[in-house]
Amino acid sequence: ESGRDLTELLEMDGNAIKRLGLLKRSRDFEGGKKLIDLAQQVIERCQELSITWVDFYDKKYPSSLRQLFDAPLILYCRGTVLPFDEIFMKCVAIVGTRKSDDFINEYTKRFALQIGAEGLHVVSGLAEGIDTFAHRGALEANVPTISVLAGGVNHIYPYGNRDLYQLIIDEGGVILSEHPPD
């Protein structure tokens with residue numbers, strides 16, 4: 001299921017549409033036709049790239065995230081949309097420097113492996129360094145991980161982590177972003 005259908009988007013007011021990330025500027029809202037075209041482009045791009053989404057009103061949307069003042073109205077997802085409310089109590093966020101040394105990389109990987117062995121999920125970015133080794137350790141423990149990207153889920157950055165990106169998806173994890181694909 002790829003989120004709400006187009007008719008539901010059309011019933012939303014302009015401010016709600018802007019918050020969905022479909023419109024970048026106020027002047028983009030020049031009437032219904034442009035909005036419909038833009039929404040259709042995002043939907044088609046999501047379908048083309050096998051991107052699903054969970055919107056703010058979906059029961060799959062994380063309730064802890066919903067409590068934030070500026071919570072994203074849509075989470076774009078590649079991979080398995082995990083039961084976020086069930087697993088968020090079993091998650092550990094691991095973030096750190098991109099320029100870590102071999103000792104810290106190995107320590108991070110072992111720490112994440114131990115966390116995974118306890119059935120906890122790792123949440124991290126996809127950057128080089130700590131993020132990379134955190135995912136690799138948890139995946140070694142056969143526990144799906146969650147990667148939160150600063151750009152759209154169709155942008156693998158750094159590109160050197162494209163294999164890790166795919167491994168997270170293949171092992172039942174998910175890549176998330178609040179930004180629509182371009």
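S50 sits in the loop that links α3 (32-48) to β1. In this predicted model, the phi angle of S50 is near 55 degrees, a positive value in a residue that isn't glycine. Is S50 buried or exposed? With a relative accessibility of 54%, S50 counts as exposed, because the cut-off for that is over 50%.

N142 makes a good companion to look at next. You'll find N142 in the loop between α7 and β5, and its phi is near 65 degrees, again positive without being a glycine. N142 has a relative accessibility of 63%, so it counts as exposed.

**The sheet**

Now for the strands. Six of them, in the order β1-β2-β6-β5-β4-β3, make up an open sheet with mixed pairing. Why do β1 (52-55) and β3 (91-93) each have one side without a neighbour in the sheet? They stand at the edges with a single partner strand each, so nothing in the sheet flanks the other side. On average, neighbouring strands here are turned by 25 degrees against each other, if you ignore direction.

Over at the β3 edge, the pairing with β4 (residues 121-124) is parallel and runs over 3 bridges. One pair to look for is V92 with its bridge partner V122 in β4.

**Helices around α7**

Helix α7 lies across β4 and β5 (146-148), and runs at about 160 degrees to β4. It also crosses two other helices, α6 and α8, and the table puts the two crossings side by side.

| Helix pair | Axes come within | Crossing angle | Handedness |
|---|---|---|---|
| α6 (residues 102-117) and α7 (residues 130-140) | 7 Å | roughly 35 degrees | right-handed |
| α7 and α8 (residues 162-170) | 11 Å | roughly 35 degrees | left-handed |

Which residues make the contact between α6 and α7? From α6 come I104, N105, T108, K109, A112 and L113, while α7 brings I130, F133, A134, R136, G137, A138 and E140. Sorted by character, the residues of this contact are 7 nonpolar, 3 polar and 3 charged.

For the contact with α8, α7 uses T132, H135, R136 and L139. Across from them, α8 offers L164, L167 and I168. That contact divides into 4 nonpolar residues, 2 polar and 1 charged. If you're following along in the structure, R136 is worth a look: it is listed in the contact with α6 and also in the contact with α8.

**A cis bond before α8**

In the loop between β5 and α8 you'll come across P158. A cis peptide bond joins Y157 to P158, with omega at about 0 degrees.

**After the last strand of the list**

Two residues in the segment after β6 (174-177) round things off. E178 is one of them, and P180 is found there too.

E178 is partly exposed, with a relative accessible area of 44%. Which residues does E178 touch, leaving aside those up to four places away in sequence? They are P72, I74 and Y76. E178 and L73 are 105 residues apart along the chain, yet their C-alpha atoms are separated by 7.8 Å.

P180 has a relative accessibility of 14%, so it counts as buried, the cut-off being under 20%. From C-alpha to C-alpha, P180 and G151 are 8.5 Å apart in space, with their positions 29 residues apart in sequence.

Terms used
Residues numbered from 1 in each chain as written. Predicted model: local features only at pLDDT ≥ 70, side-chain atom pairs only at ≥ 80, totals over all residues. Heavy atoms only, no water. Axes fitted to C-alpha atoms, helices over the stretch in contact; angles between N-to-C directions. Helix = DSSP H or I, 4+ residues; strand = E, 2+ residues; numbered from the N terminus. Left-handed = near helix turned anticlockwise from the far one by under 90°. Contact = heavy atoms within 4.5 Å. Nonpolar A, V, L, I, M, F, W, Y, C, P; charged D, E, K, R; others polar. Pairing = 2+ DSSP bridges. Buried < 20%, exposed > 50% of the residue type's maximum accessible area, 1.4 Å probe, protein only.
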